[in-house]
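Welcome, and please open the model in your viewer. We will go from stop to stop, with something to select at each one.

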Amino acid sequence: MNVHEFQAKRLLAQYGVNVPKGKAVTNKDAAERWASKLDSSIYAVKAQIHAGGRGLAGGVKITKKREDVGILAKSLLGTTLITHQTGPQGQKVRRVLIEEGVAIKKELYLSLLIDRRTGWPVFVSCPEGGMDIEELAKTKPQAIHKEYIDPSSGLQAFHGRNLILNLGLHVMEPQTAKQFMALLGNLYRFFMNKDASQVEINPLVITEDHGIIALDAKVIFDDNALARHPDVLKVRDLYEEEKLEIEASKHGLNYVKLDGSIGCMVNGAGLAMATMDLIKLAGGEPANFLDVGGGASQETVKEAFKILLSDRKVKGIFVNIFGGIVRCERIAGGIISAAEEMHVRVPIVVRLQGTNAEQGRNLLNKSGLKLKATTDLWEGAQAVVELTTAPSKKRHTS
Amino acid sequence: MSILVNKSTKVVVQGITGKEGGFHAGQCREYGTQIVAGVTPGKGGKKAKGIPVFDTMQEAVRETKADTSLIFVPASFCADAIYEAAASGVKLIVCITEGIPVNDMVGVKRSLAGTDVRLIGPNCPGIITVGESKIGIMPGFIHKRGRVGVISRSGTLTYEVVKQLTDEGLGQTTCVGIGGDPVGGMNFVDILALFEQDPKTEGVVMIGEIGGDAEVQAAEFVKKNMKKPVVSFIAGITAPPGRRMGHAGAIVTGGGETAAEKMKILKSAGAHVVDNPAQIGSRMTQALN
């Protein structure tokens, strides 16, 4: 689960991490009121959306004039930011963070995540902060340092010394290194206690008076552990999430919206991804990822259909079910009752395989519904692409 | 021959009195697997589907000489169940449960490192040695005893591949689902090494997906150590970065994690990479001829 920058900073501050004084506001008046309480020579107005790349997209404004804060806030609120992570439709700015500025001496990069190869937490550091770490990994891989933490013994002082050497803090005032050691401890405690999957401080700033402060913060929490962190779950921002995805999750469906025109309904995540790939290979574009799960019932199939059909971009639907535990005749029943209940405006191709596949296909063929049933995966993918991309041609030939 | 499990493998099912655990314990036994015991704390002395239930793993192993555990315990209690299994003396733990917090698995993985206990999963369909022992939730009837080993991070996509291998007349030796979570037990390299050593296995199908670099490690291993042909498919060429595609581990967060990059690396390591998941079986037939 993603959280906003202001929420991440608030949660980190509870663990003793130093962050700039700031407040998230939703209108110009509140922005001005808050700015008047800050005593700073420089102010930051930052759009609060979950996606990264806000700075490049014009979502971060800096001013030396306190009286400009309100105007800048107003200029951001309600606009739609398009960054490399939002997709072409962008994300609407509903809140801005008003912060006091910081006198920057040096910008660093620091993050903490789980290394999948070892299964250990790892601190990633780089003496050049403020830039995209993926970009740095390409241009200056030698500048990036990784410090692996054995989870059985936890964070030790030597980890800190190694990171200090990489970041060049040993040549600075001793109090900077001391504050950095404390920061590492706080981040590690936060990470483990709160089941974070990623904490990224970019930039981490060394101030003119030799302090250390998290100027930006991105925190992602492990979805599987949210049940044990009600305080984290409370700050979930549903506005940042796709409406259809929220609706799907209520019915135990795993749905991710994409930009194409062929809706997919599949059981199992791996097969669902492979089905999307197959549609692409056949010349189409998948409209979504949808995993109906291992225990799909008639009811979940019906809900899945509703979700697929409510995406107006969908011009055709490909159902691909490999019946293992799920029995194909149940899926067929779900498709039939969904089609009877809803106005199905697009062609449907159903590929059933595995447990009771024959029975399922018979049900579909006898239902009188206009759909194509097949057992062959590649044939099914090609059929749905053909029906979707060339409807006029199809009409002439049939 | 086969890898990891065979007809003499004795299995305890942890969480046997639950709906899933009970159903699949029955299915496994029907396939021919020796399900010798179940464990549910507080339900010792009862029977589930005629299988004796014990309160603790220690008791179950002492009484039945079981060497393998199959876990269906709910996610929040799963780490505890794995630790209990490891302490009881079983040498193979197969964990089906989905949704275990990553931090819990970090602890489990660290604790099992350097021991002789092997973990398959979590969030996986399990393992089957065809015609001998099914320890998991895969449908038994699609398998056919044969020549090919299968390793996969996915469930139903594995069934798809198995069906293709059966239809091609190749069949399978052992099929292992290693699971879709970011931190888990045995990885591609561990299983590839076992298949390379297994005299019955003539070729290996490896099904990967986006996220992590397990496939990159596997490519290094294929290049250096595999004499048998490896046919590989990587799911998620159309998956957008930064989005979790169902599996907790199926998310592209950095370089080297995309399907295209993994396919390229595997290809240059000498694997037979297919971009059409409907042609995995036929590609294996080609590779073996």
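## First stop: a strand and its neighbours

Select A:Leu108 and you will find it standing opposite A:Leu204, which belongs to strand E10 of chain A. Keep in mind as you look around that this is a predicted model.

Now widen the selection to residues 104–115 of chain A, which make up strand E7, and add E10(A): these two strands pair in the antiparallel sense over 8 bridges. E10(A) itself covers residues 196–207. Is this strand mostly covered or mostly open? Of its 12 residues, 11 are buried, so to speak of it as mostly covered is fair.

Next, stay with A:Leu204 and look for A:Ala214 in E11(A), which stands opposite A:Leu204. Strand E11 is short to select, at residues 212–214 of chain A, and it pairs with E10(A) in the antiparallel sense over 3 bridges. Between the two strands of this hairpin lie 4 residues, and A:His210 takes a positive phi near 70 degrees there.

Then move to A:Ala196 and find A:Phe221 of E12(A) opposite. Strand E12 takes in residues 218–221 of chain A, and 4 bridges join it to E10(A), the two running antiparallel.

## Second stop: where the chains meet

Show both chains together now. How many residues does each chain bring to the contact? Chain B gives 55 and chain A gives 48. About 4000 Å² is buried between them, with carbon and sulfur atoms giving 59% of that area. Select B:Asn103, B:Arg110 and B:Thr238: they supply 15% of the area that chain B buries against chain A, more than any other three residues.

For a close-up, pick the side chains of B:Asp104 and A:Arg228, which meet in a salt bridge at 2.8 Å, N to O. The count between the two chains is 6 salt bridges. Across this interface there are also 15 residue pairs in polar contact, both residues at pLDDT 80 or more.

Which elements give two or more residues to the side of chain B that touches chain A? Colour helices H1 (19–31), H4 (102–112), H5 (156–167) and H7 (214–225) of chain B, together with its strand E13 (230–235). H4(B) gives the most to this side, with 6 residues.

Finally, colour the side of chain B that touches chain A by class: you should see 26 nonpolar, 17 polar and 12 charged residues.

Methods. Residues are numbered from 1 along each chain as its sequence is written. Chains are lettered from A and ligands numbered from 1 in the order in which they are written. Side-chain values use heavy atoms; hydrogens and water are left out. Contact means heavy atoms within 4.5 Å. Buried area is the accessible area (1.4 Å probe) that two parts lose on being put together, summed over both. A salt bridge is a side-chain nitrogen of Lys or Arg within 4 Å of a carboxyl oxygen of Asp or Glu. A polar contact is a pair of N or O atoms within 3.5 Å; within protein, one must be able to donate a hydrogen and the other to accept it, and residues adjacent in sequence count only if both atoms are side-chain atoms. Ala, Val, Leu, Ile, Met, Phe, Trp, Tyr, Cys and Pro count as nonpolar, Asp, Glu, Lys and Arg as charged, and the others, Gly among them, as polar. Buried means under 20% relative accessible area, exposed over 50%, partly exposed in between (1.4 Å probe, protein chains only). Two strands pair if DSSP finds at least two bridges between them.
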